[in-house]
Amino acid sequence: MPTQPLWKTYLLFLIPMVLSNFLQSMSGTLNSIYIGQMLGTQALAAVSGMFPIVFFFIALVIGLGAGAGVLIGQAYGAGQTGTVKAIAGSTLLLGAIIGLVAAVLGSVFARQALQGLGTPADVLEDAVSYARVMMWILPMLLVFVLFTQLLRGVSDTVSPMLALLVSTSVGLLLTPALIRGWLGLPQMGIQSAALAGLVGTTSAMLMLAWRLNRREHALAPDRALFAAMRLDMDILGKVLRIGLPTGLQMVVISLSELVILALVNGHGSQATAAYGAVTQIVNYVQFPALSIAITASILGAQAIGAGRLERLGPILRTGLLINLWLTGGLVVLGYLLSHWLLGLFITDPAARVQAEHLLHIMLWSLLVFGFQAIVGGIMRASGTVLMPVAISIFCIVGVQVPAAYLLDAHFGLQGVWMAFPVAYLSMLLLQTLYYKRVWQHQPIERLV
């Protein structure tokens, strides 16, 4: 939208994306509450055992979506509608194949996988039963996640938000109904959440198809898109070159969080409760920062596709300013309301005081996290992804984790939280140096 101020374009893109992130988080939280309250702690433990497996495949697909989103943004910026559909068709087909392979292998080896993850014996049977249903649902879920990402490449964040609203609403209404057997529905027990998720995702996909076709959308599921569903190795090579490092980065971040959690657990149950509560608040502050970075990447890709390289500087500066005000504003609110917010999760006064202290140590650094993510997002718009991802992984594995151990030894539990600002400041310094010293001096060319 070149006729309006860049900050308005950012906000039109951002607001639906942030709401979508909120819906996803709320859906997971409420489903866990349903299962824990209506089926018991053992059922919740059985469902939780599937999370690392599902997260791996979702991380892989999010990586594919990030790669395809850059290519689609460049093609869309250049006005190449046919290329947009070709990229989307190839990527969606690959996502569906990944989902089908996961479904077959997951259903066959569900027991072995859950045993390998150390699932407790008293919940193993329920976990296997849930896992097999969840893995057969995975193809539809992965295609849905991928498709909503691709829509953002053509500046459409409203359709994904509406789709998530449908899937979340259906899932949240149907899960308790299947658990209790309301309205004559069969009681499905632990499988209720997975089956409700399938119905919700299917409903959202049907709504998307209707909405996009009615609006003659660039990614409407019409004959042209279905005809483009073939494994074009040239396109997929470019998608994977950008997408696989992003997926790997998500997996590394997840594994590092497990290491940090193990350190925290060593300080006792109050420390673990504080970690869980602080993480909930941190997640809601990080969502906007990550969304700003995604927006910068998509707008940058569209500018490159349109041959408007002079817009990359303003896109970066606008993203940094919005991060300062939006993420910075949330950080300030977090400090002002920390006692009340943590009270939503923690009732023990001593644990709440401890959590508040830990939150105050690292909350400000989320602003720094946002700055480095935006710089990396601009570079990703041109297809430069290996070095920004390598910097992030190095700062997590080579800076944050060792710093957490060293600071824990010197300062105790609060030292673990000091490692977050150390890692984020390192990321910002290295990303900025690479951007200034290397990326800005390289030729920028369209990938499609």
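How many salt bridges does a search of the whole structure find? In this predicted model, the search turns up 5. Three of these pairs are worth a look here, before turning to the two domains.

One of them joins arginine 111 to glutamate 125, with the closest N and O atoms 2.8 Å apart. Arginine 111 sits in helix α5 (residues 110–116) and glutamate 125 in helix α6 (residues 124–152), so this pair ties together parts that lie 14 residues apart in sequence. Arginine 111 itself is partly exposed, at a relative accessible area of 27%.

Another salt bridge stays inside a single helix. Aspartate 234 pairs with lysine 238, and their closest N and O atoms are 3.9 Å apart. Both belong to helix α10 (residues 233–265), where a spacing of 4 residues puts about one helical turn between them. Aspartate 234 is exposed, with a relative accessible area of 52%, while lysine 238 is partly exposed at 25%. Arginine 308 and glutamate 310 also form a salt bridge, here with 2.5 Å between the closest N and O atoms; arginine 308 is partly exposed, at 34% relative accessibility.

As for the domains, the assignment gives domain 1 (6–231) and domain 2 (241–441). Their contact draws on 33 residues from domain 1 and 34 from domain 2. About 2,700 Å² is buried between the two, and carbon and sulfur atoms give 76% of that area. No salt bridges cross this interface, but 4 residue pairs are in polar contact. On the domain 1 side, α1 (6–38) and α3 (51–77) each give two or more residues, with α3 giving the most, at 16. That side divides into 21 nonpolar, 11 polar and 1 charged residue.

Terms used: Residues are numbered from 1 along each chain as its sequence is written. This is a predicted model: local features need pLDDT of at least 70, side-chain atom pairs count only at pLDDT 80 or more; totals for chains, interfaces and linings use all residues. Side-chain values use heavy atoms; hydrogens and water are left out. Domain bounds come from an automatic or database domain assignment. Contact means heavy atoms within 4.5 Å. Buried area is the accessible area (1.4 Å probe) that two parts lose on being put together, summed over both. A salt bridge is a side-chain nitrogen of Lys or Arg within 4 Å of a carboxyl oxygen of Asp or Glu. A polar contact is a pair of N or O atoms within 3.5 Å; within protein, one must be able to donate a hydrogen and the other to accept it, and residues adjacent in sequence count only if both atoms are side-chain atoms. Ala, Val, Leu, Ile, Met, Phe, Trp, Tyr, Cys and Pro count as nonpolar, Asp, Glu, Lys and Arg as charged, and the others, Gly among them, as polar. Buried means under 20% relative accessible area, exposed over 50%, partly exposed in between (1.4 Å probe, protein chains only).
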